[in-house]
Amino acid sequence: MSQALTPFEILARYERLSLVHASDTPEKLEAPGLWRGIGYRVGSRLFVSGIDEISELLAVPVLTPVPGTQSWLLGVANVRGNLVPVIDLGRFLFGERTLHSERSRLLVVRQGTGSVALLVDEVFGQRTVDAEQRSAAEREDDPRLARFVDDRVGEPRLAVFSMGRLVRAPDFRQAAA
């Protein structure tokens, strides 16, 4: 019996299958040392997280506030029948509220047996980082980000943000005020 695929995994599979028919693409897609991520912006900072760390991208749905929580926990949203906590990533990282706009999106990330949604200012889509860009990476110098980001890569510089580290961080897991 096979494991059910998430909608994002199904789309990624469709992408791989369609790209097989494009000239020269399979070699680029499967090239050793090639890393793929999703690019996004939080405030003025640019980030990229591994494509395997983000389950799906959503427009911001209606939120239900949860009393007695940290200011960065915006509430919960109903995502296909599941209640998912929604976190303002900018407020959690920098203490600055994310202003909701047409470009705002939620990044849905696995946390234990459930999911959590992270509000970001905008999503740029897929980004590819090759071995040369990784070797030219700069260390993260912002102490607020150092525990989640090792390197900044590419042009413009994208901070490689670990969703796994974020969801395991004790202060992230403690949303009660």
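Reader: What makes up the chain over residues 34–172?
Author: In this predicted model, that stretch is 14% helix and 47% strand. Its end C-alpha atoms are 30 Å apart. UniProt lists residues 34–172 as "domain: CheW-like", in an unreviewed entry.

Reader: Why are β8 and β9 called edge strands?
Author: Each pairs on one side only. The open sheet has six strands in the order β8-β1-β2-β11-β10-β9. β8 covers residues 122–129 and β9 covers 138–139.

Reader: How do you know that β1 and β8 pair?
Author: Pairing takes at least two bridges. β1, residues 35–42, and β8 have seven bridges, so they count as paired. The sense is antiparallel. Glycine 39 has glycine 125 in β8 as its bridge partner.

Reader: What makes β9 and β10 a pair?
Author: Two bridges join them, and the cut-off is at least two, so they pair. They run antiparallel. Glutamate 138 stands opposite arginine 152 in β10.

Reader: Which residue in β11 is the bridge partner of arginine 152?
Author: Alanine 159 is that partner. β10 and β11, residues 158–161, pair over three bridges in the antiparallel sense.

Reader: What do β10 and β11 form?
Author: They form a hairpin, with four residues between them. In the turn, glycine 154 has a positive phi of about 70 degrees.

Reader: Why is β10 called mostly covered?
Author: A residue is buried when its relative accessible area is under 20%. Four of the five residues in β10, residues 149–153, are buried, so the strand is mostly covered.

Technical notes: Residues are numbered from 1 along each chain as its sequence is written. This is a predicted model: local features need pLDDT of at least 70, side-chain atom pairs count only at pLDDT 80 or more; totals for chains, interfaces and linings use all residues. Side-chain values use heavy atoms; hydrogens and water are left out. UniProt positions are given in the numbering used here, feature names are shortened, and annotations may be inferred rather than shown by experiment. Buried means under 20% relative accessible area, exposed over 50%, partly exposed in between (1.4 Å probe, protein chains only).
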